[in-house]
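Please open the model in your viewer and keep the selection panel at hand. The stops below are arranged so that each selection can be added to the one before.

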Amino acid sequence: MLQPLNPENGEMVNDLLKEQYDLVDEGSRWPTAHNEVVLVVDKNNEISDMALFALGLRTEAEMNKGLLAAMKGETVDLSNRKSWSFDEIREMEFRLILAAECYEKQLDGSFINLSDTAAGREKLYSNEELGFTLKVVGIVRPKEGISSAALTGSIGYTSALAKEALKRTAESPLLQYQKENPTVDVITGLPFRGDTEITLEQKKTAVLKYLSSLDEAEARAFLLTVMAPTPTKEQIAASYAAVSAYPEPMLRGILTEALKQMGYADISPDDVLANPEMKEMMLQGLAQSMAQQQLIQQQFGSMTSAEMAELLTEEQLEKLYENEKIPHDYSSSTYAKNLTLLGDVNADKPKTIYLYSSSFENKDRVGELINDYNHSVEDEQKISYTDYVKLLMSSITTVINAITYVLVAFVAISLVVSSIMIGIITYISVLERTKEIGILRAIGASKKDVGRVFNAETLIVGFVAGVIGILATILLNQLVNVILFHFTEIPNLKAILPVGAAIILVAISMFLTFVAGLFPSGFAAKKNPVEALRTE
């Protein structure tokens with residue numbers, strides 16, 4: 001969880017998270033100690049099945065059952081769906097065992113990883129001196145209206161836990177021992193290979209020695225890991241046609257054996273045959289295996305493992321020698337790999353840095369700072385980054401601009417048409433009021449006065465039309481906002497009309513009508529008063 005910029009009074013959680021999340025029920029609180037965590041649920045108080053499995057709240061059998069149903073295309077049985085109260089979750093305890101603490105020293109001086117076996121994991125869990133006991137002190141849920149919250153996992157832990165884990169790892173006796181002996185793999189007790197050159201003859205001797213310790217079938221199988229030929233597409237297709245033509249009883253027997261060898265004892269041949277996708281996948285696998293077996297028989301026939309070993313190429317010998325089954329007098333690992341395996345981390349050399357900006361302007365500023373830095377250093381020191389938000393916003397902006405241009409084109413056409421219509425209506429008004437123009441001129445009105453009369457009328461028409469448009473827009477915005485919220489559920493996504501924009505729109509309406517009425521008003525001002533008075 002994001003830590004405070006300036007931690008005070010023992011605060012471990014940034015205020016941003018508290019603004020984005022609600023604590024569920026009265027007993028929940030944010031962590032105040034390094035071994036306290038929160039459970040993150042969605043708006044329905046749910047977490048994923050994988051998260052439940054990781055927390056030990058769902059068994060492996062339950063997960064496999066759901067996976068099998070999905071593979072068969074069946075509806076997953078939710079009748080055994082469980083739920084937990086918030087109090088039950090908070091009463092549970094979890095253990096975090098550090099990587100360096102998982103190893104136990106043996107009598108020969110080597111170490112084994114206890115986490116590899118169920119018995120070893122139980123031994124680690126029951127040892128209170130190892131790792132951390134974690135407590136769920138709060139359950140948090142995104143607040144209503146938050147579309148993109150900061151936490152992405154199901155368990156939220158503080159930076160204090162990470163720092164404490166780094167500190168304990170650095171103090172681990174096993175890790176310290178490895179650092180004090182950089183040439184020896186302290187886990188296996190063997191030296192690292194280093195720069196020692198091993199000849200091809202020495203590698204061949206080691207491989208042959210290992211083969212001699214195996215029976216004939218095991219030796220052939222070991223050699224075939226690198227010597228087995230790869231069938232072509234045509235050969236696989238021919239085998240696929242042959243397998244597809246097998247009678248169903250025969251195919252069911254082959255599938256039974258294949259599923260057993262693959263470790264899918266829970267899946268029966270009938271399950272495979274009833275699911276077209278699973279059947280196709282299995283038939284393809286069987287076809288490839290059969291095609292390869294035919295090639296092996298053609299190429300090696302009844303050759304012994306010793307005869308096959310004589311055919312090994314240098315590349316194949318290299319691969320076999322690097323196999324972990326071949327006894328070596330050096331460790332197959334490296335010093336760097338062991339440090340990583342034991343959890344060694346240098347806090348001053350982070351692998352990833354997350355930068356959080358409070359606005360798009362600040363985000364752009366971060367990009368500018370990185371670019372400035374890249375211009376001042378060599379290529380190998382430059383920072384490579386991808387601004388996904390910028391790319392996304394650029395794509396969205398392009399689409400919006402395209403839509404805007406189309407709308408502007410329609411609006412421009414409508415404005416031209418409406419301006420022409422206003423001019424025509426004003427011109428007709430001039431023709432119908434010719435006698436009135438003559439009377440105005442007869443009583444002393446000047447040409448400018450007549451023009452002002454018609455210009456005033458067009459401005460009034462523009463003002464009234466603009467106000468009607470603004471009122472219609474305000475009313476329609478209410479309906480549009482209801483529809484937007486219904487489909488997006490984003491309360492901040494609203495259509496609004498600022499007061500300033502409304503005033504500008506009314507002014508534009510008045511300006512357009514004024515321009516459209518200039519020619520008719522000028523025409524009216526130039527009329528001869530004598531001819532105008534004669535008009536009926």
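Two strands are taken to pair if DSSP finds at least two bridges between them. With that criterion in mind, and remembering that this is a predicted model, the tour can begin at the strands.

**Strand 6 and its partners**

Select strand 6, residues 132–142, together with strand 1, residues 21–23: the two run antiparallel and are joined by three bridges. Within this pair, leucine 23 has valine 140 of strand 6 as its bridge partner. Now add strand 2, residues 36–40, which runs parallel to strand 6 and is joined to it by five bridges; here the residue of strand 6 that partners valine 38 is glycine 138. Next bring in strand 3, residues 93–96, which pairs with strand 6 in the antiparallel sense over four bridges. In strand 6, leucine 134 is the residue that stands opposite phenylalanine 94.

**Strand 2 from both sides**

Keep strand 2 selected and add strand 7, residues 155–157, with which strand 2 pairs in the antiparallel sense over three bridges. Tyrosine 157 of strand 7 stands opposite valine 37. Which residues of strand 2 point one way, and which the other? Showing the side chains, you will find Glu36, Val38 and Val40 pointing one way and Val37 and Leu39 the other way, with all of them buried. Because five of the five residues of strand 2 are buried, the strand is largely enclosed by the rest of the structure.

**From strand 2 into helix 2 and beyond**

Move on to asparagine 45, in the loop between strand 2 and helix 2. This asparagine has a positive phi of about 60° although it is not a glycine, and its relative accessibility of 35% means that asparagine 45 counts as partly exposed.

Then select alanine 51, which has its place in helix 2. Is alanine 51 buried or exposed? At 12% relative accessibility, against a limit of under 20% for buried residues, alanine 51 counts as buried. Its C-alpha atom is separated by 8.6 Å from that of isoleucine 155, although the two residues are 104 residues apart along the chain.

Arginine 58 is the next selection, in the loop between helix 2 (49–54) and helix 3 (60–72). Arginine 58 also counts as buried, because its relative accessibility is 12%. If you display its side chain along with that of aspartate 49, you will see the two side chains making a polar contact at 3.3 Å.

**Helix 6**

Select alanine 162, in helix 6, which covers residues 159–170. With a relative accessibility of 32%, alanine 162 counts as partly exposed. Adding histidine 34 brings up a residue that is 128 residues away from alanine 162 in sequence, while the C-alpha to C-alpha distance between the two is 8.2 Å.

**The nonpolar cores**

Where are the residues with the most contacts inside the largest nonpolar core? Select Val207, Leu211, Leu223, Leu312, Tyr321 and Ile326, which have the most contacts in this core of 20 residues. At least two residues of the core come from each of helix 8 (200–212), helix 9 (216–227), helix 13 (276–300), helix 14 (305–309) and helix 15 (314–322). Helix 9 gives the most to this core, contributing five residues. For a closer view, centre on valine 207, which touches Leu317, Leu320, Tyr321 and Ile326 when residues up to four places away in sequence are not counted. There is also a second, separate core of 16 residues, and Leu39, Leu57, Phe132 and Ala165 are among them.

**Helix 11 against helix 13**

For the last stop, show helix 11, residues 248–262, with helix 13; their axes come within 11 Å and cross at roughly 85°. Since angles of 65 to 115 degrees count as roughly perpendicular, helix 11 and helix 13 are therefore roughly perpendicular to each other. To see where they meet, select Leu251, Ile254, Leu255, Ala258, Leu259 and Met262 in helix 11, and Met282, Leu283 and Leu286 in helix 13.

Definitions and conventions. Residues are numbered from 1 along each chain as its sequence is written. This is a predicted model: local features need pLDDT of at least 70, side-chain atom pairs count only at pLDDT 80 or more; totals for chains, interfaces and linings use all residues. Side-chain values use heavy atoms; hydrogens and water are left out. Buried means under 20% relative accessible area, exposed over 50%, partly exposed in between (1.4 Å probe, protein chains only). A nonpolar core is a set of buried Ala, Val, Leu, Ile, Met, Phe, Trp, Tyr and Cys residues joined through side-chain atoms within 4.5 Å. Contact means heavy atoms within 4.5 Å. A polar contact is a pair of N or O atoms within 3.5 Å; within protein, one must be able to donate a hydrogen and the other to accept it, and residues adjacent in sequence count only if both atoms are side-chain atoms. Axes are lines fitted to C-alpha atoms, for helices over the stretch in contact, and angles run from 0 to 180 degrees between N-to-C directions. Angles under 35 degrees count as roughly parallel, over 145 as roughly antiparallel, 65 to 115 as roughly perpendicular and the rest as oblique.
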